[in-house]
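Me: I would like a close look at a single part of this model rather than a tour of the whole. Please take one sheet and walk me through how its strands are arranged and what packs on it.

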Amino acid sequence: MTSSSASGRKTLSKIACNRLQKELLEWQVNPPAGFKHKVTDNLQRWVIEVNGAPGTLYSNETYQLQVDFPEHYPMEAPQVIFIPPAPLHPHIYSNGHICLDILYDSWSPAMTVSSICISILSMLSSSTMKQRPEDNDRYVKNCRNGRSPKETRWWFHDDKV
Amino acid sequence: MGPSLAFSTAEELRKAGNSYFKKGFFNAAIEAYTEAITLCPDIPVYYTNRALCHLKRNDWTRVEEDSRKAIQLEHNLVKAHYMLGLALLQKQEYADGVKELERALDLGRGANPKGYMVEEIWQELAKAKYMEWEDLSSKRSWELQNLKEACENALKEKHDAFEMEGFLDEAGPTHMRQLEALGRVFEKAAEADTPSEVPDYLCCKITLDIFRDPVITPSGVTYERSVILNHLEKVGNFDPITREPLDQSQLIPNFSIKEAVEAYLQEHGWAYRTE
C-alpha cells in the first residue's frame, strides 16, 4: 500500500535534485536529534528512523518514516508517512498517515526534511494519550486503494498537538 | 525591387530559414538567412539566427562575426551577447567571453528573470568561472607547496646546524613548534582555495544554494528571485519563512547581498561549481 502511491511518480526536477543533495549533506553534518537517515542510493525516497524522546510516552520506541519527494519539491510538500506499525497517537492513523498541517495545506518551501522531522517528534512528545484518531477505521478503509495522504482532505484535529 | 518588397521577401526567407533550422538542415538555413541579409542588411535577427546555425556547426569564427554584427545594429540583444561570449570562450579569450556572458545575464534578467535563457547563460558563466578557478588555484597550490618545502628545508638546515653545535635539548622542541606553525600558516594560505560550504547568509532558504539574483521581501527575508516568483505562483501569496502576506510587486532587489556574493565568489571560485 505504501509504495503504490509513489509508483507513478515522475523523476525529480533539477532544482529538486539540487536541493535534496544539499539537504542530505546538511543532514549528514548536522542530523536532527533522535533521527537517523537510512542510507540508500535513492534520493527521491528517504527512510528515516525516529526514536521517541526520553521522558515522553514514546521513549525507547523506534519507528520508521518514509519520505517521498515529488518532481517539483520544494514547491510541493513531500509525502510523509510512518511505515506500519505506526506509533499510537491521536493524529496518526494505523496505516501510517499523519494528520499534520505542514505536510499539506500549510506547507512552505522554506521547510526541510529536518524541520518536518522536528515537527513530527514534537507532535509525538506532546501527546498525553496513546490512542488512534477517532475516525481511524473509517479513514483507513477509505485509503485501501493505496491513496496518498496528500489526496486526503484533512480536517486538522487541533493546532496545539 | 522597392524597400518594402525587399523586406517582405527577406522575411519569407527568414521563415524558410527557421523551418530548415528546426529540421536540423543548418546549411540550408544559413543560405536562407544569408539571402535575407543581402536584401536587408540592417536587421539584427537575421544575424543572430545565422549565428545560431554556425553555433550548431561549431563554426565559432562565424558565430563571433554574426553576433558582433547583430550587436552593432542593436546593442542590447541577449542572444547575441550570449553567443559572442561562448565564441570568445572557445577562442580562449577568457576575460572578454565572461564579460559578454555577464552582459547577456543582466539583459536576460531584465527581460525575463524566470526564462530558460537566464538559467542557460548562468550555467555557461558558472562553468567558465569554475574552470578559471581550477586553473588559477592549481597554480597557486603548486606555488605554495614549493614554498612550503623550501621553508621546511631551511628550518631543517638551521636545526641541523644547532645540533652540530651541541644545543640539542633546546633545538628539538623549538624545531617541532616552528614546523607546526609553518604548517598552520600554509594551511591558512590555502583556505580560500579549499572547497567547503558557502555561508548560510549567502544562500537562499529555498534553494539552499548561493544567491544569483537575490530579492528581499517586506519581512526582511532574502530569496532567489526565480524561486520566490515560482512560489508565489504555485504555492501561495505568502512569505515562505514568516508566512506574512506577500505580493510579487513587493519584491525588491537586494544589491548588498548581491555584492557580498560577488565578493565571496571572487575569493572562492570553487563555489561556482554547478553540480
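Reply: What follows is a description of the sheet in chain A, strand by strand. The model is a predicted one, and the part in question is an open sheet of four strands in chain A, which follow the order β1-β2-β3-β4 and pair in antiparallel fashion. The edge positions are taken by β1 (35-38) and β4 (79-83) of chain A, and because each of these has a single partner strand, one side of each is left without a neighbour in the sheet. From one strand to the next, the twist averages 30 degrees.

Starting from the edge at β1(A), this strand runs antiparallel to β2 (residues 45-51) of chain A and is joined to β2(A) by four bridges; here A:Lys38 stands opposite A:Val47 of β2(A). Moving on, β2(A) and β3(A) are also antiparallel, with seven bridges between them, and at this pairing A:Trp46 has A:Val67, in β3(A), as its bridge partner. The remaining pairing, between β3(A) and β4(A), is made by five bridges, again with the strands running antiparallel, and in it A:Gln66 lies opposite A:Ile81 of β4(A).

As to what packs on the strands, helix α3 (residues 113-125) of chain A lies against the sheet and touches β1, β2, β3 (62-68) and β4 of chain A, while the direction of helix α3 of chain A makes about 35 degrees with that of β2(A).

Terms used
Residues are numbered from 1 along each chain as its sequence is written. Chains are lettered from A and ligands numbered from 1 in the order in which they are written. This is a predicted model: local features need pLDDT of at least 70, side-chain atom pairs count only at pLDDT 80 or more; totals for chains, interfaces and linings use all residues. Two strands pair if DSSP finds at least two bridges between them. Helices (H or I, at least four residues) and strands (E, at least two) are DSSP runs, numbered from the N terminus. Axes are lines fitted to C-alpha atoms, for helices over the stretch in contact, and angles run from 0 to 180 degrees between N-to-C directions. Two residues are in contact if their C-beta atoms, placed from the backbone, lie within 7 Å.
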